[in-house]
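Visitor: I am new to this structure and would love a close look at one part of it. Could you walk me through a place where two helices meet, and then show me what lies around it?

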Amino acid sequence: MDFDGDIAARLDGRHVLVTGVTGFVGEALLQHLLAEVSGVRVTVLVRPKGSMRGAARVAGLLRKQIFQGVIEGAGGVEPLMAARVAVLEGDLGDVPVLPSDLDAVVHCAGDVSFDPPVDEGFRTNVVGTRDLLDRVRAASADIHYVHISTAYVAGRRRGRVAEESIDHSVDLEQELAWGLAQRGSVEQRSRSAELLGEQRRRAERTHGRAGLLTAARATEEARKEWVKEELVRLGTERARSLGWTDCYTFTKALGERVVEEYARDPQAPARASIVRPSIIESALAKPYPGWIEGFKMAEPLILAYGRAELPEFPSAADTVVDIVPVDHVVSAIIAVLAHPAEPGAPAYFHVASGDRNPLTVGQLYSNVRAYFGKHPFVTGDRGAAQLPDWRFPGARSVERLLTTSERAHKVADYMIGHAPRSDRTRDLARKLDQQGRRLEFLRRYLDLYREYAQAQLNFDDSRTIGLHRSLSDADQETFAFDTAVIDWPVYLQDIHCPAVTAPIRKLDERRQATRRPQRGVLREVTAGDGIAAFFDMDGTLLSSNVIEGFLWLRLQELSGAERLGQLGRVAAKVPGMVQAERRDRTDFLRTVYRQYAGARLADLDVIADKHLTDHVLARLSPEAVRRVRSHQRAGHRTVLITGAIRPLTRPLAPLFDHIEAAELAVDERGVCTGYLAASPLVGESRSAWMRSYAAEHGINLAKSFGYADSHSDLPLLAAVGHPVAVRPDVPLFRHARRSHWSIVDWASPGSDRLHNPVFESR
Ligand SMILES: NC(=O)c1ccc[n+]([C@@H]2O[C@H](COP(=O)([O-])OP(=O)(O)OC[C@H]3O[C@@H](n4cnc5c(N)ncnc54)[C@H](OP(=O)(O)O)[C@@H]3O)[C@@H](O)[C@H]2O)c1
């Protein structure tokens with residue numbers, strides 16, 4: 001390979017196709033090419049995203065701050081695009097015909113997730129590369145193809161890795177066929193009766209009270225999640241069984257094999273260079289120190305450490321972590337681009353730091369720690385985050401630590417799910433969810449990074465540094481990629497950490513400034529037609545429950561001795577009722593209403609009017625009443641939906657336009673049979689009723705409001721555009737937080753009674 005000559009002169013008048021310019025490396029490459037090699041013309045292959053066409057995406061990209069100088073020089077985005085940046089819209093899944101006057105191609109696009117579903121990894125990194133190369137060959141025989149790979153194609157081997165073809169004997173075609181076929185076979189397995197049965201039972205345990213369709217939706221979600229996880233697991237396991245860390249490095253290694261087959265084709269040997277960067281991080285100098293797009297490999301860990309959420313790391317302190325700044329990577333790519341490989345002899349370039357300027361995990365840790373020591377994250381009222389002290393106890397100890405925490409979390413989660421509802425329970429649930437998210441983060445990153453954290457690879461970069469040394473002094477400055485010059489403490493403490501923490505600090509500041517109270521966030525009630533407000537009764541409007549209501553009504557009608565007998569009978573049944581309510585609320589209500597057998601319905605109405613009004617008013621939440629009234633004033637229809645029997649709702653009649661309650665069945669004498677006239681409205685039957693009520697009364701559910709307190713009311717709340725969880729139980733509380741629903745804490749007099757597990761059943 002001829003390394004002599006000036007880069008700008010070598011690339012003058014050349015037409016280069018670049019893929020992946022909307023990504024981190026591609027964007028930096030495009031900027032550096034346009035800024036430093038004025039005679040080069042670029043065509044970029046970009047796929048549309050949503051409704052945005054490729055050309056619009058590129059125009060948006062060029063308006064970013066790093067392109068400002070180039071845009072000013074060209075007189076605007078459009079003149080620059082007309083003169084130097086053509087857009088070829090296309091996807092690696094369906095590569096379009098390439099321009100026939102191309103001199104070179106730089107293929108930066110790829111699936112860079114470590115754990116993609118196996119078919120997706122193969123499709124983008126292997127099939128995408130092969131299809132692109134077919135188009136390259138069809139465009140011209142003398143194109144220089146530059147392939148951006150990764151140094152980690154070396155996989156799980158140890159020691160020095162040369163800049164040459166990776167030695168392996170994997171049957172590319174067989175693996176490719178296997179990888180692409182996995183989605184079909186996993187989808188098939190996901191529909192097995194055993195798996196579906198297991199997922200359905202689990203979903204019904206959690207969502208059965210809300211309704212069987214809610215549980216069915218959760219079952220289907222679980223099946224889809226299983227498919228995704230299984231495709232990821234298959235990719236990882238296959239990769240490891242063949243000596244790679246994960247599906248990413250496995251498919252990137254097979255992508256290199258595709259390039260080698262292309263270059264070494266005996267009928268038509270072609271020019272191909274393979275550039276293998278290690279871990280790419282923020283820029284050392286260009287376009288400015290610290291430039292970075294998105295979160296890459298080290299950032300989530302640096303941020304988690306700064307937030308005191310990463311208690312340990314599964315690596316030895318002396319393991320080398322191989323980092324390269326992105327400007328070194330793109331400078332090396334441009335230098336390689338300017339020095340085409342010989343046809344039939346692919347050339348390999350490691351862009352890495354570990355060989356000549358090693359940074360150990362221990363040094364990385366002390367620099368990051370020193371940075372956060374000086375510039376801590378300040379969390380709310382708690383002040384500076386307390387930085388964990390890493391002792392590097394080894395991967396096994398870290399794994400044990402995490403497993404123990406995960407087990408403890410699972411137990412606490414089970415207990416909180418069964419605890420009586422209260423402010424304290426909800427607060428604990430919130431903290432537990434936060435802790436759960438942290439543990440999930442740790443598990444995910446530990447699993448993904450364990451391999452990299454323990455890698456003992458040393459990437460030989462003699463060819464790359466040879467190329468750098470062959471450049472003129474001016475080019476060595478403009479296209480700097482000698483990683484030996486990096487001063488790690490300066491780079492980490494003054495450039496990289498400030499760059500990656502800046503957006504988070506800004507976000508924190510914004511959140512702090514606009515911080516709204518978690519609870520009580522209620523949408524204003526504004527006047528409008530065709531709007532309804534649906535209220536659940538027990539636990540939402542008032543602190544009462546059907547057992548309590550039943551006792552109030554029945555005990556009033558009975559004599560002293562009968563009362564005692566009735567009380568005893570009900571008390572004996574309460575534990576069974578609580579269980580029944582957990583399983584199925586309809587059955588529970590039926591069990592309670594069975595106790596009305598023999599009572600005269602007319603008497604119940606009289607008792608309700610005479611004795612129950614005070615009882616209900618005493619338990620009615622004043623905030624709930626204010627809210628109902630504000631809906632009335634706004635011209636909304638107010639509707640009460642309850643599983644309680646109609647006589648119990650009589651005191652609330654003035655508040656509502658309509659009350660939908662359970663009707664007790666009576667015989668010809670007006671005596672209650674102990675059965676209901678129709679099934680009580682619970683779970684999904686509430687939303688079905690609301691839909692038909694809305695249709696009948698011209699109500700727009702998307703503009704309407706719903707108020708309820710229990711997970712079994714999920715369908716009621718999900719049916720309206722403005723759901724409000726009122727003093728919710730833990731499962732509803734969690735759902736409401738995830739869905740960004742309003743959560744209010746309307747205290748009702750005597751609401752402490754709800755904390756009593758007996759009355760917890762409402
Ligand atoms: N980042 C690193 O630390 C690192 C280290 C070593 C090697 N590398 C290699 O460097 C290259 C670029 O990585 P990156 O960090 O810049 O990744 P990135 O930020 O995720 O960008 C990936 C790019 O690929 C494009 N792309 C993905 N699938 C595509 C498809 N089917 N059709 C067309 N375009 C598609 C994306 O386009 P959209 O915007 O349309 O999604 C995006 O422009 C990759 O080959 C990677 O293996 C990266």
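Guide: Here is a walk along one pair of helices, with a few stops beyond it.

A word on the ground rules comes first. This is a predicted model, in which local features need pLDDT of at least 70 and side-chain atom pairs count only at pLDDT 80 or more, while totals for chains, interfaces and linings use all residues. Residues are numbered from 1 along each chain as its sequence is written, and side-chain values use heavy atoms, with hydrogens and water left out.

Our pair is helix H6 (residues 118-139) and helix H10 (residues 247-263), whose axes come within 9 Å and cross at roughly 20°. Helices here are DSSP runs of H or I with at least four residues, strands are E runs of at least two, and both are numbered from the N terminus. The axes are lines fitted to C-alpha atoms over the stretch in contact, and angles run from 0 to 180 degrees between N-to-C directions. H6 and H10 are therefore roughly parallel to each other (angles under 35 degrees count as roughly parallel, over 145 as roughly antiparallel, 65 to 115 as roughly perpendicular and the rest as oblique). The crossing of H6 and H10 is right-handed, which is the term used if the near helix is turned clockwise from the far one by less than a right angle.

Who meets whom? On the H6 side, the residues in contact include Gly121, Phe122, Asn125 and Val126, and on the H10 side they include Tyr248, Thr251 and Lys252; contact means heavy atoms within 4.5 Å. Sorted by class, the residues of this contact are 12 nonpolar, five polar and four charged. In that sorting, Ala, Val, Leu, Ile, Met, Phe, Trp, Tyr, Cys and Pro count as nonpolar, Asp, Glu, Lys and Arg as charged, and the others, Gly among them, as polar.

Let us stop at Thr251, which sits in helix H10. Thr251 has a relative accessible area of 0%, so it is buried (buried means under 20% relative accessible area, exposed over 50%, partly exposed in between, with a 1.4 Å probe and protein chains only). Setting aside residues up to four places away in sequence, Thr251 touches Gly121, Phe122, Asn125 and Val126. Gly121 is 130 residues from Thr251 in sequence, yet their C-alpha atoms are 6.3 Å apart in space. The side chains of Thr251 and Asn125 share a polar contact of 3.1 Å. Such a contact is a pair of N or O atoms within 3.5 Å; within protein, one must be able to donate a hydrogen and the other to accept it, and residues adjacent in sequence count only if both atoms are side-chain atoms. A polar atom of the Thr251 side chain also lies 3.1 Å from the backbone oxygen of Tyr248.

Tyr248 leads us on to Thr150, since Thr150 is in contact with Tyr248, Lys252 and Glu256, among others, leaving aside neighbours within four places in sequence. Thr150 lies in the loop between strand S5 (144-148) and strand S6 (159-161). Thr150 counts as buried because its relative accessibility is 4%. A polar atom of its side chain is 3.0 Å from the backbone nitrogen of Tyr152.

For a second helix pair, look at helix H11 (residues 299-306) and helix H15 (residues 423-454), which pack at about 140° with axes 12 Å apart. That makes H11 oblique to H15. Pro300, Leu301 and Ala304 in H11 meet Phe441, Tyr445 and Tyr449 in H15, a contact with six nonpolar, no polar and no charged residues.
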